[in-house]
Amino acid sequence: MTRCMWIMAIAGLMGAALALGEETAIVEDGEARAVVVIPSDAYPIAEYAAEELVRHVEKATGVALSVVDEGNIPEEPAGRVFVGSTAQAGEAGIDVSALAPEAVVIDVRGGHLFIAAEDGPGDPESESHANPGSLWGVYDVLDRELGVRWLWPGELGTYVPERDSLYVEPGERTVEPRFRWRRLRHGIRNNDPRIGFTEEALEDYREAQGAFLRRHRMNTHDRPPFGHRFGGWWEEYGDEHSEWFKEWDGERGPRHAGRERRVSMCVSNPELRDKVIELWQAELDESSETPFLRLGEADGRGWCHCQDCIAWDAPQPSKEELKAMSHYIARNYFPLNVSDRYARFWRVMHERAAETAPDVRTTAYIYTNYFVAPSEPITFSSNVHLDFVAWGGFWFPRLVEEQEWVRKQWLGWRETGASLSYRPNYFLDGYVMPHVFSRQFADIFQFIERHDAVGTDFDSLKGQWAVQGPLLYLAARIHTRPRASVDELLNEYYQAFGPAAEAVRAYFEYWEAHTTRQGVSRTFPAWQMTVRVPSDVERRGTRIDEIMADRDSSRLFSYARAAHAIFPPASFEPAQEILDEAHEAVAEAPDSEYARRVEFLQVGLDHARMCVELAASFDNEAVPEYERREAYERLVEFRRTHEALFFSNLSHAANIETNSWGDRSGFIGSE
């Protein structure tokens, strides 16, 4: 973009009135025209923000700006970039104490740029920093004024357009996050160093991904403490108070050994409610913080079939109604639709707690078979926070009716007056495959944003950057630009590939089309489902559902068992042809960042193809074990060669492979 075009774009963002006056030079013709100024007693967050500003400006212009404190400002260069709660910001009339949490004022006047926020103590690399406004302001300037794009973790994933000069237009804006909390969980778990990251590479990846998340302004500081309240209750109270726990076939408590921590409660029981309040009041006496009442059920379904609980439930769907539903919608009604009982339980408990602490904030999950919106009108205080858990039952691609049904449930819960936050699990899907669903994801995300979502918490960022890049970029970027069109946001990603941009777009559109085609409606017997249903009821689902059921596999835990059937070897051939076009587009500059980014995608494609070949060998009993071992050794060697690129969160890959194939996936490095 030329300097003239760039200035016009910024003027358009700020409004015509802001185009009046002289622009401020930060860097001009390769020379520094300003210094970065932080408070004399700067908190670490302001220091870190200044470092990030200097780092990216130098990458854009080749010029390293100096950082000074307010007591040591040089006469030259004459320009100033004030970062944080500086005294000069106060003298300029910027009252940072009046700002909302995480907000920042960005003001350009008199040849100076103010990035002013109320700083506070704490680790600037913490995902729950209470006062990150200065840092968020720097990222906003880098985003708008320099066109910086953070595509994936690491240096190669940081796209900074080069320029000789950096100017900013006069004007003022206040910026604050759209959501009170934003979270993409890191997705690093159960790393097996034999087949996943080496320990050194794991720490490098963890650090790089942390920087990526900060740059997209993720923060959980204001997130209330959700959680599964009743884990461990059976072990502690089950012998003496079995009546507090779910009843099934006349028995109380867990039905199977090993499920004690997931047994659900008998929420209609008044003594249970008394015990919850008693324990909460003890917590309240020990805490000086805002009181929270956590009511999240155990991690599972509500199972209680006692008559008192059932009396709180809505009428259940008929067998004919169930038969008309898709597989995933129907799952929300088994063993019962218990949304009404849990809504009543949450309201009763919140009202009781509010008698003691009027400002109490109550948290719970909209989850499993209490995901369906209440059938009867019920009103909550806005201090009741409900996490809308579009859990493993709603993967992508979705049938159109499923997408509409999820929207309907969100609207139904919104009508209760509770504060709703978005807490999906569907990014755990896809293993290391090019399982791309950008448009369906953006559609539902922008819907919940328009309909009053207060926060987000995604489990998890599985980090398959080289095969799902646009989707994962979109997941982060849409938090700061939720009203932008999907095409506009995806274009930001593709532009970072320079002359290969159109070929890269075609490449990922191919994979999204392939993934979406797996969403063709299928019918398969009820006995293949993992929940109890009438034996003569069939379910409509996607082709992926059918493939998973045939292999007794799970989107959440064991996708690798089915990877070769969902992404057969033949599907890679057209993708490679498109990617070859991308290689050709950057062939004249093979060492350029554009060429290296295309090669990054190639590494991801080669890795996915090797994983498909391995999955096929595990699915074929005729393959000798030594051939499978050799294939795994080649895959691990490939991972060792390329792990520093961060092309894949290899801890996630190893976790899924171990879940899919048990000990057979861990023979690398074994004696």
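# Burial, salt bridges and cores

Q: Why does R352 count as partly exposed?
A: The relative accessibility of R352 is 29%, and the partly exposed class lies between buried (under 20% relative accessible area) and exposed (over 50%), with a 1.4 Å probe and protein chains only; R352 therefore counts as partly exposed. This is a predicted model, in which local features need pLDDT of at least 70 and side-chain atom pairs count only at pLDDT 80 or more, whereas totals for chains, interfaces and linings use all residues. Residues are numbered from 1 along each chain as its sequence is written, and side-chain values rest on heavy atoms, with hydrogens and water left out.

Q: What makes the meeting of R352 and D274 a salt bridge?
A: A salt bridge requires a side-chain nitrogen of Lys or Arg within 4 Å of a carboxyl oxygen of Asp or Glu, and the N to O distance here is 2.9 Å, so the pair satisfies the rule. It links distant parts of the chain, since R352 belongs to helix α11 (residues 339–356) and D274 to helix α7 (residues 270–286), 78 residues apart; helices (H or I, at least four residues) and strands (E, at least two) are DSSP runs, numbered from the N terminus. D274, with a relative accessible area of 39%, is likewise partly exposed.

Q: Which classes of exposure do K59 and E155 fall into, and why?
A: K59, at 30% relative accessibility, counts as partly exposed, whereas E155, at 56%, counts as exposed. Their side chains meet in a salt bridge at 2.9 Å, N to O. This pair joins K59 in helix α2 to E155 in the loop between β8 (149–150) and β9 (158–159), 96 residues apart.

Q: Why are D545 and R555 placed in their class of accessibility, and what is that class?
A: D545 has 6% relative accessibility and so counts as buried, and R555 is buried because its relative accessible area is 5%. The two side chains meet in a salt bridge at 3.5 Å, N to O. D545 lies in helix α17 (residues 543–550) and R555 in the loop between α17 and α18 (563–566), 10 residues apart.

Q: How many salt bridges does the rule give?
A: The count comes to 52.

Q: How does the reach of helix α2 stand against the expected span?
A: The expected span is 1.5 Å times one less than the number of residues; α2 (residues 44–61), with 18 residues, reaches 26 Å from its first C-alpha to its last, close to the 26 Å expected. Among the buried residues of α2 are I45, Y48, L53, V54 and V57, and the helix is followed by G62, whose phi is positive, near 80°.

Q: What makes a set of residues a nonpolar core, and which members touch the most others in the largest one?
A: A core consists of buried Ala, Val, Leu, Ile, Met, Phe, Trp, Tyr and Cys residues joined through side-chain atoms within 4.5 Å; in the largest, of 204 residues, Y426 and F441 touch the most other members. Helix α20 (residues 593–618) supplies the largest share of this core, 12 residues. Another core lies apart from it, with 10 residues, among them V35, V68, V96 and F114.
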